[in-house]
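Grab a coffee and work through these short exercises with the model open beside you. Try each task before reading its solution.

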Amino acid sequence: MAEFDILVKGGVLPDGRQADIGIRDGFIAAVGELFGSTAREVIDASGDLVAPPFVDPHFHMDATLSYGTPRINASGTLLEGIALWGELREQATVDEMVARALAYCDWAVSQGLLAIRSHVDTTPAHLRGVTALIEVREKVKDYLDLQLVAFPQDGLYRAQGARENLIRALDMGVDVVGGIPHFERTMEDGRASVRDLCEIAADRGLPVDMHCDETDDPASRHIETLAYETQRLGLGGRVVGSHLTSMHSMDNYYVSKLLPLIAEAQVAAIPNPLINIVLQGRHDSYPKRRGLTRVKEMQAMGIPVGWGQDCVRDPWYSLGTADMLDVAFMGLHVAQMTSPEEMRRCFDMVTEGNASIIGLEGYGLHEGAVGSLVVLDAGDPIEAVRLRPDRLWVISKGKVVSRQARNDARLSLTGRPDSIRRRH
Ligand code: FE2
């Protein structure tokens, strides 16, 4: 009988070590030099980067792959996107949302993206998005971990019935408490919503992941309240502030006070660079603000920061491929993370960093971890971010779920030597 179900041979791990990985019964059974071992399936990954799967900590699966329905976002702003989505969610059926979400999960798997935290709009009383995504979570669970966040898109207090509907969604089994304080009617309502939602999470023992200060307004300071409430209620380590774009425009003196408070409260941050580089600064002439929060500065304070994808082909964003390396690539540019250490960190953010922020269990490439990994046609993490290369093999929970032939032919047709592409 074979020793392993799958043996991945000769891969280069993100930390530069070369190691074989043996997978048995859905888990990583051995990592190291496994010369002479037998397996039902042997994968030759000689010289290829073998990484734990990509993780997206911020997505909207109820809206994905709906681009152009009912029409395109002409102004390109967050607010027009919200208005468009308001129309779409009334037309969309549960079956149609399930179909779009499952199609997206297929894209994700082919890119080695095997864990997604998705917000789901809990505003309308019909809660069709919640019904659809709970069904999807169940359908994909053997190969993709889907966490759902109860997201009161139109405001917890601003939209009629929104608080009650959010509670109903949590009762239906949604995993995380969301919020959108900057979209409430007043700064005061925003602050009260953060307090209320954190108390709901504390009562139910749930994590919090809030859209927070997704605005160019330097006076939007709900992250301060989120850090305060996190500390007051003892929620440290399970609270995320998503977007935090107002921090880009805040006064430096205030930020020098704010960052230690976020660090002390153990609140993590999820910027979404693809989306915020196109949504923010739309009211500026020139200079135009970049619309990304202060990533390096937060990391220097010890605040966990991940990269989120947010949207793919929906009312807010017309592009996207479910590739977390696209996200890391954009984040690297906008945050100017160009030193070798920072570029490697961008890769770590879309793998280990994101996994830790959303509390994935059994994640990594160590013995005893869940048997999930991706083999990339690149030699190291920096090259992976630079090339966003083919995912040659994707293994989820001990099974091969996607494979792709090494595509050298395409490059040879361009006349460019292969050495441009790989490991040189
Ligand atoms: Fe979002």
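## Where the two domains meet

In this predicted model, about 1700 Å² is buried between domain 1 and domain 2, and carbon and sulfur atoms give 70% of that area.

**Exercise 1.** Work out which stretches of chain form the two domains, and describe what joins them.

*Solution.* Start with the bounds: domain 1 takes residues 4-52 + 364-403, while domain 2 runs over 54-357. Next, place them: their C-alpha centres sit 30 Å apart. Now look at the contacts, where 22 residues of domain 1 touch 22 residues of domain 2. Finally, check the charged pairs: there are three salt bridges between domain 1 and domain 2.

**Exercise 2.** Find the protein donors of the iron ion and decide what geometry the site has.

*Solution.* First, list the donors: His-58, His-60 and His-211 each offer NE2, and Asp-310 offers OD, at 2.1 to 2.4 Å from the iron ion. Then go through the angles among the four donor atoms, which span 85 to 177 degrees. A tetrahedral label needs all angles between 85 and 135 degrees, and the site comes out as irregular. Along the sequence, the donors follow the spacing H-x1-H-x150-H-x98-D. One pair links distant parts of the chain: His-60 lies in strand β6 (residues 54-60) and His-211 in strand β10 (residues 208-212), 151 residues apart.

**Exercise 3.** Are His-60 and His-211 buried or exposed?

*Solution.* The cut-off for buried is under 20% relative accessible area. His-60 has 7%, so His-60 counts as buried. His-211 has 3%, so His-211 is buried too.

Note on methods. Residues are numbered from 1 along each chain as its sequence is written. This is a predicted model: local features need pLDDT of at least 70, side-chain atom pairs count only at pLDDT 80 or more; totals for chains, interfaces and linings use all residues. Side-chain values use heavy atoms; hydrogens and water are left out. Donors are N, O and S atoms within 2.8 Å of the metal (3.2 Å for Na, K and Ca); water is not among the atoms, so sites may look incomplete. Four donors count as tetrahedral if all angles lie between 85 and 135 degrees; four count as square planar and six as octahedral if opposite donors are over 155 degrees apart and all others between 65 and 115; anything else is irregular. Helices (H or I, at least four residues) and strands (E, at least two) are DSSP runs, numbered from the N terminus. Buried means under 20% relative accessible area, exposed over 50%, partly exposed in between (1.4 Å probe, protein chains only). Domain bounds come from an automatic or database domain assignment. Contact means heavy atoms within 4.5 Å. Buried area is the accessible area (1.4 Å probe) that two parts lose on being put together, summed over both. A salt bridge is a side-chain nitrogen of Lys or Arg within 4 Å of a carboxyl oxygen of Asp or Glu.
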